[in-house]
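Welcome to a short set of exercises on reading a protein model. Take each task in turn, try it yourself, and then follow the solution step by step.

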Amino acid sequence: MPQKLFNTKTRKKEILQPVKESAIGMYVCGITAYDVCHVGHARAAVVFDVVFRHLKARGYNVTYVKNFTDIDDKIIDRANKEGVDIYRITERYIKLHDEDMAALNVLTPTVTPRATAHMSDMIDLIAILEGKGIAYAVDGDVFFAVDNYPAYGGLSGRHLDEMMAGARVDVNDKKRNPLDFVLWKKSKEGEPFWESPWGKGRPGWHIECSAMSRKYLGETFDIHGGGEDLVFPHHENEIAQSQAATGKPLANYWMHNGFVKINAEKMSKSLGNISPIRDIIQHYHPEVLRLFILQSHYRSPVDYSDTAMKETRTALIRCYSALQLMKETKDKLGSHSGDSLLSDQSGYVNKLEELKDQFNEALDDDFNTAQALGYVFETARLINNINAVEKKMEPVAKKIILDTATGVFSHFGNVLGIFQHDPEVFFLTDRVIEAGKRGLDVSRIELMITERQKARADKDWSRADDIRRDLASQGVILKDSADHTTWLIE
RNA sequence: GGCGGCAUAGCCAAGUGGCUAAGGCAGCGGUCUGCAAAACCGUUAUUCAUGAGUUCGAAUCUCAUUGCCGCCUCCA
């Protein structure tokens with residue numbers, strides 16, 4: 001099955017045909033480094049991380065470029081407020097970004113370029129545009145003349161005349177057309193600046209992506225991604241700049257992820273409902289956030305809420321429970337070797353392989369992680385079913401089946417970037433997080449469990465049940481097995 | 001004003017012309033268990049906002065109606 005993806009430019013699902021066979025160049029707009037990353041950044045990062053992982057798993061040699069915008073008005077504002085230079089700000093927030101991404105198990109892109117390290121590339125590009133008469137310089141500023149680029153508006157489906165009608169006209173006497181956008185901005189007194197043919201200044205917002213994608217991926221590459229808010233004006237302007245300069249398409253496929261709402265409201269600073277990643281992972285295992293993001297299709301809006309995260313946590317626990325059970329069963333089976341498989345049991349192996357194929361095909365179809373997760377949960381059920389039903393199966397046959405299941409689940413986890421922990425470690429982390437949220441004392445809980453174990457050994461059921469009821473009232477759920485008791489916070 | 005999107009069970013969410021409408025959460029019945037929890041088995045939408053149309057056949061296509069939402073200004 002060929003890879004399909006929804007192309008914002010054509011508003012259709014298309015078959016991915018790379019510029020270079022079996023290689024993919026992908027550029028995703030990263031963050032402006034002036035504040036900590038929030039759940040919306042997490043979504044974009046996780047979505048394109050899965051695109052990156054799946055394409056690699058399908059055998060493509062992917063070059064993934066994700067930039068840092070490290071020169072911008074907001075950065076300058078922040079630096080002024082703190083009385084430091086902009087590098088103090090950008091270094092801080094890039095570092096925090098990297099920590100958040102690592103916590104979310106987002107793979108580091110192939111290249112993570114910064115705007116300020118590519119000044120000459122940007123200046124070269126602007127000079128080309130000026131040379132072609134598409135850009136014009138006025139008193140130290142350089143603007144892109146939208147009237148000189150007839151295809152303007154092609155990505156976002158807008159027409160110049162319509163935009164003119166509804167435009168909030170930017171008060172700027174220097175512009176020939178109010179929709180012209182700045183390529184190079186003359187620096188004001190005290191602002192950071194770089195030398196250029198137009199004097200001291202700094203780049204406009206859009207030009208860095210045009211310059212850096214050109215440098216690392218060439219004039220035409222395969223996939224350009226970002227949040228849906230970037231369609232206009234950012235990506236529209238990138239296309240205008242790059243294509244006016246090169247005469248070639250910038251990217252063949254444009255992918256945009258949907259927004260994250262918070263409790264059904266738009267996330268915004270004025271509502272004060274921005275959820276930073278580092279706050280969320282204090283309250284939930286990072287894989288819960290990842291799973292939450294991947295449970296919806298990447299183009300749909302999602303509604304982040306505590307209720308939704310609780311439900312997702314339960315779903316993740318379900319998967320880890322299956323993994324743990326599988327691991328325990330395998331340990332008990334020991335090291336039986338051999339490859340004999342009875343025909344009635346090979347059905348399980350075939351079913352597992354089929355689920356793996358279905359999972360891959362779901363991702364081939366516009367990275368449908370929600371559908372792919374349906375197969376993940378079916379696999380978890382199948383594993384549990386085998387463990388529950390096949391008590392008398394030949395150990396050799398069972399081991400082959402469970403080894404297959406382990407491999408299949410490992411594939412799911414590697415592509416989605418979840419199930420990356422030993423189940424014991426996952427449950428331990430989860431207990432610590434949940435106990436912390438409720439102010440429960442883990443060591444005290446474990447003392448009570450030890451005491452209850454003594455009571456159970458003495459068959460003092462009423463004492464054992466009293467302790468369990470006491471713990472249950474604090475949300476602690478016990479799970480007894482023959483020789484020990486594990487626990488979980490509901 | 002312009003452009004675009006969405007509406008599927010109690011909740012979340014796949015499915016965009018034809019097998020029994022995935023999956024998760026919640027609920028109910030059963031098995032297992034000292035009792036539980038987890039797990040397993042069964043069950044929970046004759047129907048996909050409403051109305052009309054196209055078609056042998058529609059949740060899926062067309063039109064209309066209603067209701068939400070996003071972008072057009074910095075934003076993942």
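**Exercise 1.** How do the residues of the lining of the second largest cavity divide into nonpolar, polar and charged?

*Solution.* Keep in mind that this is a predicted model.

Step 1: List the lining. The second largest cavity is lined by Leu125, Ser210, Ser213, Arg214, Gly218, Glu219, Ser242, Thr246 and Leu250.

Step 2: Find the elements behind it. Two or more lining residues come from each of α6 (207-217) and α7 (231-246). The largest share, three residues, belongs to α6.

Step 3: Sort by class. Glycine is counted as polar here. The result is two nonpolar, five polar and two charged residues.

Step 4: Add the volume. This cavity holds about 40 Å³ of space.

**Exercise 2.** Find out how many cavities of 30 Å³ or more the whole structure has, and describe the largest.

*Solution.* A general idea helps first. Rolling a probe the size of a water molecule over the atoms shows where empty space is left.

Step 1: Count. The search of the whole structure gives two cavities of 30 Å³ or more.

Step 2: Give the volume. For the largest cavity, it is about 60 Å³.

Step 3: Name the lining. Around the largest cavity are Val47, Val50, Val51, Ile293, Leu294, Ser296, Tyr298, Phe367 and Thr369.

Step 4: Trace the elements. At least two lining residues are supplied by each of α1 (39-57) and α9 (286-294). Helix α1 gives the most, with three residues.

Step 5: Sort by class. Seven of the lining residues are nonpolar, two are polar and none is charged.

**Exercise 3.** Work out which residues of helix α2 are buried and where they lie around the helix axis.

*Solution.*

Step 1: Pick out the buried residues. A residue is buried when its relative accessible area is under 20%. In α2 (residues 73-82), these are Ile75, Ile76 and Ala79.

Step 2: Look down the axis of α2. The buried residues fall within an arc of 100 degrees, so they line one face of the helix.

Step 3: Turn to the other side of α2. Asn80 and Lys81 are exposed there.

Step 4: See what covers the buried residues. The cover includes α3 (86-103) and β8 (201-203).

Step 5: Check both ends. Aspartate 72 caps the N-terminal end of α2, with a side-chain oxygen 2.6 Å from the backbone nitrogen of lysine 74. After α2 comes glycine 83, which has a positive phi, near 65 degrees.

Note on methods:
Residues numbered from 1 in each chain as written. Chains lettered and ligands numbered in written order. Predicted model: local features only at pLDDT ≥ 70, side-chain atom pairs only at ≥ 80, totals over all residues. Heavy atoms only, no water. 1 Å grid on protein atoms, 1.4 Å probe; cavity = no way out; pocket = protein on both sides within 12 Å on 5 of 7 lines; lining within 4 Å. Points joined across faces, edges and corners; volume = space filled by probe spheres on them. Helix = DSSP H or I, 4+ residues; strand = E, 2+ residues; numbered from the N terminus. Buried < 20%, exposed > 50% of the residue type's maximum accessible area, 1.4 Å probe, protein only. Arc of directions from axis to C-beta. Contact = heavy atoms within 4.5 Å. Polar contact = N/O pair within 3.5 Å; in protein donor to acceptor, adjacent residues only side chain to side chain.
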